[in-house]
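Me: I should like to go through this structure by asking how each description is justified. Please set the values against the definitions as we proceed.

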Amino acid sequence: MSRPEGETLLELRGLRTYFPLHSGPLRRLSGWLKAVDDVSFAIRRGETFGLVGESGCGKTTLGRSILRLERPQAGEILFEGEDILAAGGTRLTTIRRDIQAIFQDTHGSLDPRMNLRSLIGEGLAIQGVGRAERDARVEQLIEVVGLRREHLDRYAHEFSGGQRQRIGIARALATRPKFIVADEPVSALDLSVQSQVLNLLSDLQKEFGLTYLFIAHDLSVVEYLSDRVGVMYLGRLVELASAEDLYADPRMPYTQALLSAVPGSERMTGRPRILLTGDVPSPITPPSGCPFRTRCWMARDICASARPELREVEPNHWAACHFADEARAKAA
Ligand SMILES: Nc1ncnc2c1ncn2[C@@H]1O[C@H](COP(=O)(O)OP(=O)(O)O)[C@@H](O)[C@H]1O
Ligand SMILES: [Mg+2]
């Protein structure tokens with residue numbers, strides 16, 4: 001699926017999204033939790049960029065920063081070349097229409113007092129689209145996502161998990177967006193339903209020329225859909241490559257461990273199975289040097305004293321590891 005160089009649609013430059021920590025009786029500012037720490041990468045128009053990493057590594061915070069649901073401390077988010085963090089007025093209205101989200105289905109995510117018609121039409125109503133046009137568009141969207149018109153007057157709780165996720169997708173599509181942040185969109189669904197929803201996302205991408213940031217902790221799901229994949233660890237981007245290269249030749253020990261944990265992972269046969277031991281360290285007090293060194297079987301002195309920069313270890317394949325070349329030899 002990997003695509004040649006294309007035009008950049010969205011670019012993160014040195015993005016830092018920190019949460020303030022307070023302590024003591026006066027709740028004074030005592031430090032920062034660096035949920036996203038100096039992350040830079042670009043997403044091309046029409047591609048699916050997968051973002052993976054263990055829970056707590058900052059994927060959702062990164063997605064929410066793009067959606068302007070979190071306020072980054074520093075950095076830029078360029079959408080079609082303009083910084084969306086600095087946008088206001090009509091530019092902001094346009095961005096809110098162009099960038100939409102699909103979240104993990106939770107029972108609380110759809111308002112139980114709204115029927116299907118108003119759930120899907122809500123975004124259009126907010127944008128001031130009139131009743132007749134809204135109804136026509138809603139009926140069209142229902143077909144696009146594989147729901148039925150007879151269901152228009154039903155309420156959210158009357159739908160299955162897979163159907164609710166289709167409603168979420170229709171809501172996201174209502175404003176004809178260009179870019180969609182899909183944060184664990186199938187993680188709450190049964191396996192059989194997962195593939196239906198993934199196929200739908202893939203079809204919609206072709207039909208409407210969408211660009212996705214696809215966030216997931218399940219690497220097999222990401223591989224299926226993604227053109228390129230970024231791996232995060234403790235707020236940092238530690239590897240970035242085409243899905244093909246990343247899965248065939250992971251250069252960062254952390255990525256190797258993640259891949260090795262995928263059940264029945266065929267590509268890892270012949271390679272020693274790597275067990276990730278220990279928990280992810282606290283992002284409040286991350287390790288010095290390489291954030292992964294406390295769990296890495298290849299760590300040496302330099303890993304504690306110097307942070308490995310994300311560097312191009314092969315054309316279009318980036319890894320943040322002092323021993324990316326050696327890591328490869330060991331895994332092969
Ligand atoms: N609103 C918040 N306030 C304080 N800390 C937060 C907040 N949201 C997330 N975090 C912390 O930021 C880190 C990254 O979280 P998150 O982005 O949800 O990771 P992921 O989506 O990869 O599981 C975690 O340590 C989490 O506890
Ligand atoms: Mg998350």
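Me: What makes H5 mostly covered?

Reply: In this predicted model, 11 of the 13 residues of helix H5 are buried. A residue is buried if 20 or more other C-beta atoms lie within 10 Å of its own, exposed if 12 or fewer, and partly exposed in between, with C-beta atoms placed from the backbone. Among the buried residues of H5 are Gln 163, Arg 164, Ile 167, Ile 169 and Leu 173. The name H5 follows a convention: helices (H or I, at least four residues) and strands (E, at least two) are DSSP runs, numbered from the N terminus.

Me: Which elements cover the buried residues of H5?

Reply: The covering elements include strand S6 (99–103), helix H3 (116–126), helix H4 (131–144), S7 and H6. Here two residues are in contact if their C-beta atoms, placed from the backbone, lie within 7 Å.

Me: How do you know that the span of H5 agrees with its number of residues?

Reply: The expected span of a helix is 1.5 Å times one less than its number of residues. For the 13 residues of H5 (residues 161–173) this gives 18 Å, and the end C-alpha atoms are 19 Å apart, so the two agree. Helix H6 (residues 191–208) can be treated likewise: it has 18 residues and reaches 26 Å from its first C-alpha to its last, close to the 26 Å expected. H6 is followed by Gly 209, whose phi is positive, near 60°.

Me: How are the residues and chains labelled, and which parts of the model are used?

Reply: Residues are numbered from 1 along each chain as its sequence is written, while chains are lettered from A and ligands numbered from 1 in the order in which they are written. As the model is predicted, local features need pLDDT of at least 70 and side-chain atom pairs count only at pLDDT 80 or more, whereas totals for chains, interfaces and linings use all residues.

Me: Why is Ile 66 called buried?

Reply: Ile 66 has 23 C-beta neighbours inside 10 Å, and therefore counts as buried. Ile 66 is found in helix H1, where 8 of 8 residues are buried. Not counting residues up to four places away in sequence, Ile 66 touches Ile 77, Ile 99, Val 181 and Leu 213.

Me: Which residues have the most contacts inside the largest nonpolar core?

Reply: They are Leu 213 and Phe 214, in a core of 85 residues. A nonpolar core is a set of buried Ala, Val, Leu, Ile, Met, Phe, Trp, Tyr and Cys residues joined through C-beta atoms within 7 Å. Beyond its neighbours within four places in sequence, Leu 213 is in contact with residues including Ile 43, Phe 49, Leu 51 and Ile 66.

Me: Why do Glu 184 and Glu 80 fall in opposite classes, buried or partly exposed?

Reply: Glu 184 has 20 C-beta neighbours inside 10 Å and therefore counts as buried. Glu 80 has 16 such neighbours, so Glu 80 counts as partly exposed. Glu 184 is found in the loop between strand S7 (179–183) and H6, and Glu 80 in the loop between strand S4 (74–79) and strand S5 (82–83).

Me: What is notable about the phi of Glu 80 and of Glu 184?

Reply: Glu 80 is not a glycine, yet its phi is positive, about 50°. Glu 184, also not a glycine, has a positive phi of about 50°. Most residues other than glycine have a negative phi.

Me: What surrounds ligand 1?

Reply: The shell includes Phe 19, Leu 33, Gly 58, Lys 59, Thr 60, Thr 61 and Pro 283. A residue is near a molecule if its C-beta atom, placed from the backbone, lies within 6 Å of it. Strand S2 (28–44) and helix H1 (59–66) each give two or more residues to this shell, and H1 gives the most, with 3 residues.

Me: How do you know that the radius of gyration of the protein chain agrees with a compact globule?

Reply: The radius of gyration is taken over C-alpha atoms, and the globule rule is 2.2 Å times the number of residues to the power 0.38. With 332 residues the rule gives a value near 20 Å, and the protein chain has 21 Å, so the two agree.
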